[in-house]
Amino acid sequence: MAYDKAYYEANKEKQNAISKAYYEANKKKLLSKSNAYYKTNKEKIKAHREANKKEVNAKRKVYYKTNREKILAYRKNNKEKILSIRLKCKYNITLKEKNIMLKKQKNKCKICNIKFSKTRSCVDHCHTTNKVRGILCNLCNVGLGHFKDSTEILTNAITYLEEAV
């Protein structure tokens, strides 16, 4: 079979079905191969992304525009899976660990005690050690960020508020 552009265009549906079937049959093997490649070429991949940032972002935007409904449907149907991946990548915790933390905090912000049913919960972590400290509401999390996680600045702010009364 000739795999030239004209052939592919004429048989796009068939080729996509073959590729999809192959992927489903060899999913574990392909994913482990992909992960191994990423681990051994991490720096090369990062350098390529940085060098081609504008081009990559432009392609992502075009892909999003052409597949918006598909992407939104996937996000809606896979919220838990997406959250699990984000938690693991960003904070190195699982969704189960986050839920245990929420349970210990009685589903309330660790600083202001607001219930999380009313507001969004955020994983608070130290930016230098990446250690997770707790679950905060968005306002408290942003507040700590504005105070640069500095106990000295926060103490000064408390003193300022007490003197201003």
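Visitor: How many helices and strands are there in the chain?

Guide: The model, which is a predicted one, has 10 helices and 2 strands in its chain.

Visitor: And in what order do the elements run from the N terminus on?

Guide: The order is α-α-α-α-α-α-α-α-β-β-α-α.

Visitor: Is the chain a compact globule or more spread out than that?

Guide: The chain is more spread out than a compact globule, because its radius of gyration is 23 Å, well over the 15 Å that the globule rule gives for 165 residues. Taken along the principal axes, the box filled by the C-alpha atoms is roughly 80 × 35 × 30 Å.

Visitor: What percentage of the residues count as buried?

Guide: Of the 165 residues, 19% count as buried.

Visitor: And the contacts: what share comes from residues 24 or more positions apart?

Guide: Such residues account for 27% of the contacts in the chain that have a separation of 6 or more.

Visitor: Let us turn to the strands. In which sense do strand 1 and strand 2 pair?

Guide: The two strands pair in the antiparallel sense, over 5 bridges. They form a hairpin, with 6 residues between them.

Visitor: Which residue in strand 2 is the bridge partner of Cys122?

Guide: The bridge partner of Cys122 is Leu136. In addition, His125 has Val132 of strand 2 as its bridge partner.

Visitor: Why is strand 2 described as largely enclosed?

Guide: Strand 2 covers residues 132-137, and 5 of its 6 residues are buried, so the rest of the structure largely encloses it. A residue counts as buried when its relative accessible area is under 20%.

Visitor: How many residues of strand 1 are buried?

Guide: In strand 1, 4 of the 5 residues are buried, so this strand too is largely enclosed by the rest of the structure.

Visitor: What about the turn of the hairpin: which residue there has a positive phi?

Guide: That residue is Asn130, with a phi of about 65°, although Asn130 is not a glycine. Asn130 sits in the loop between strand 1 and strand 2. With a relative accessible area of 47%, Asn130 is partly exposed.

Visitor: Where is Lys106 found?

Guide: Lys106 is in the loop between helix 8 (95-104) and strand 1. Its phi is positive, at about 55°, although Lys106 is not a glycine.

Visitor: Buried or exposed, that lysine?

Guide: Lys106 counts as exposed, because its relative accessibility is 63% and the class begins over 50%.

Visitor: Now the pockets. How much space lies in the largest pocket?

Guide: The largest pocket holds about 420 Å³ of space.

Visitor: Which residues of the lining lie nearest its centre?

Guide: The lining consists of 20 residues, and those nearest the centre of the largest pocket are Tyr91, Arg120, Ser121, Cys122 and Val123.

Visitor: Which elements each supply at least two residues of that lining?

Guide: Helix 7 (79-91), strand 1 (121-125) and helix 9 (138-146) each do so. Helix 7 gives the largest share, with 7 residues.

Visitor: And by class, what does the lining have?

Guide: The lining of the largest pocket has 7 nonpolar, 5 polar and 8 charged residues.

Visitor: Back to helix 9. Where does Gly145 lie, and is it buried or partly exposed?

Guide: Gly145 lies in helix 9, and with 45% relative accessibility it counts as partly exposed.

Visitor: How many residues apart in sequence are Gly145 and Ser34?

Guide: Gly145 and Ser34 are 111 residues apart in sequence, and in space they are 36 Å apart, C-alpha to C-alpha.

Visitor: One last residue: what is the place of Lys59?

Guide: Lys59 belongs to helix 5, which covers residues 53-66. Lys59 counts as exposed, with 57% relative accessibility. From C-alpha to C-alpha, Lys59 and Thr129 are 34 Å apart in space, and they are 70 residues apart in sequence.

Notes:
Residues numbered from 1 in each chain as written. Predicted model: local features only at pLDDT ≥ 70, side-chain atom pairs only at ≥ 80, totals over all residues. Heavy atoms only, no water. 1 Å grid on protein atoms, 1.4 Å probe; cavity = no way out; pocket = protein on both sides within 12 Å on 5 of 7 lines; lining within 4 Å. Points joined across faces, edges and corners; volume = space filled by probe spheres on them. Helix = DSSP H or I, 4+ residues; strand = E, 2+ residues; numbered from the N terminus. Nonpolar A, V, L, I, M, F, W, Y, C, P; charged D, E, K, R; others polar. Buried < 20%, exposed > 50% of the residue type's maximum accessible area, 1.4 Å probe, protein only. Pairing = 2+ DSSP bridges. Rg over C-alpha atoms; globule rule 2.2 N^0.38 Å. Contact = heavy atoms within 4.5 Å.
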